[in-house]
Amino acid sequence: MSSILLSGDVDVVIPSWVAPVFAACVLFVAVVIAMRVHYLRQRKAPLRRVVAGLCPICGYDLTGNVSGTCPECGGR
Ligand SMILES: [Zn+2]
């Protein structure tokens, strides 16, 4: 047990297991947020590729392609 003396009369005791559990919770929340951001970015990737003139499936540069079919993967 560790104790932190906040003021003259009040002695707050923080159990030693609180810090690792808190750190694990913060890490868990950070991982969940990172996974959510990655999922949302992946979901919008095809739209970003089309806007940039790339194949929405494989990302091949379709600049100058008049057929509308990707020569790399066959996607439209
Ligand atoms: Zn393609």
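The bend at a residue is the angle between two axes, one fitted to the seven residues ending there and the other to the seven starting there. The exercises below apply this and other geometric ideas to a predicted model.

**Exercise 1. Work out which elements the protein has, and how far the model can be trusted in each.**

Solution. The protein contains 1 helix and 2 strands, and along the sequence these follow the pattern β-β-α. Turning to confidence, the mean pLDDT of the protein is 89, and 91% of its residues reach 70 or more. Among the elements, strand S1 has the lowest mean pLDDT, 57, whereas helix H1 has the highest, 93. Where pLDDT is low, the predicted coordinates should not be read in detail.

**Exercise 2. Check whether the ends of helix H1 lie as far apart as its number of residues leads one to expect, and then locate its kink.**

Solution. Begin with the count: H1 covers residues 18-51, which makes 34 residues. The expected span is 1.5 Å times one less than the number of residues, and for H1 this comes to 50 Å. The end C-alpha atoms of H1 are 49 Å apart, which agrees with the expected value. Next, follow the helix axis to Ala 45, where there is a kink of about 40°, shortly before the proline Pro 46. Pro 46 itself is found in H1, and its C-alpha atom is separated by 22 Å from that of Ile 33, a residue 13 places away along the chain. After the helix comes Gly 53, whose phi is positive, near 80°.

**Exercise 3. Decide whether Val 10, Pro 46 and Cys 70 are buried, partly exposed or exposed.**

Solution. The cut-offs are needed here: a residue is buried with 20 or more other C-beta atoms within 10 Å of its own, exposed with 12 or fewer, and partly exposed in between. Val 10, placed in the loop between strand S1 (2-5) and strand S2 (11-14), has 8 such neighbours and therefore counts as exposed. Pro 46 has 15 and is therefore partly exposed. Cys 70, which lies in the segment after H1, has 19 and is therefore partly exposed too. For the helix as a whole, the count of buried residues among the 34 residues of H1 is 0, while in the protein buried residues make up 3% of the 76 residues.

**Exercise 4. Establish whether the protein is a compact globule or more spread out, and see which contacts Cys 70 makes.**

Solution. Start from the pattern β-β-α. The radius of gyration is 26 Å, well over the 11 Å that the globule rule gives for 76 residues, so the protein is more spread out than a compact globule. The C-alpha trace spans about 80 × 20 × 10 Å along its principal axes, and the C-alpha atoms of Val 10 and Gln 42, 32 residues apart along the chain, are separated by 51 Å. Among contacts with a separation of 6 or more, 0% are between residues 24 or more positions apart. Finally, leaving aside residues up to four places away in sequence, Cys 70 touches Cys 55, Ile 57, Cys 58, Tyr 60, Leu 62 and Gly 75. Cys 70 and Leu 54, 16 residues apart in sequence, are 9.0 Å apart from C-alpha to C-alpha.

Notes:
Residues numbered from 1 in each chain as written. Predicted model: local features only at pLDDT ≥ 70, side-chain atom pairs only at ≥ 80, totals over all residues. Helix = DSSP H or I, 4+ residues; strand = E, 2+ residues; numbered from the N terminus. Rg over C-alpha atoms; globule rule 2.2 N^0.38 Å. Contact = placed C-beta atoms within 7 Å. pLDDT = per-residue confidence, 0-100.
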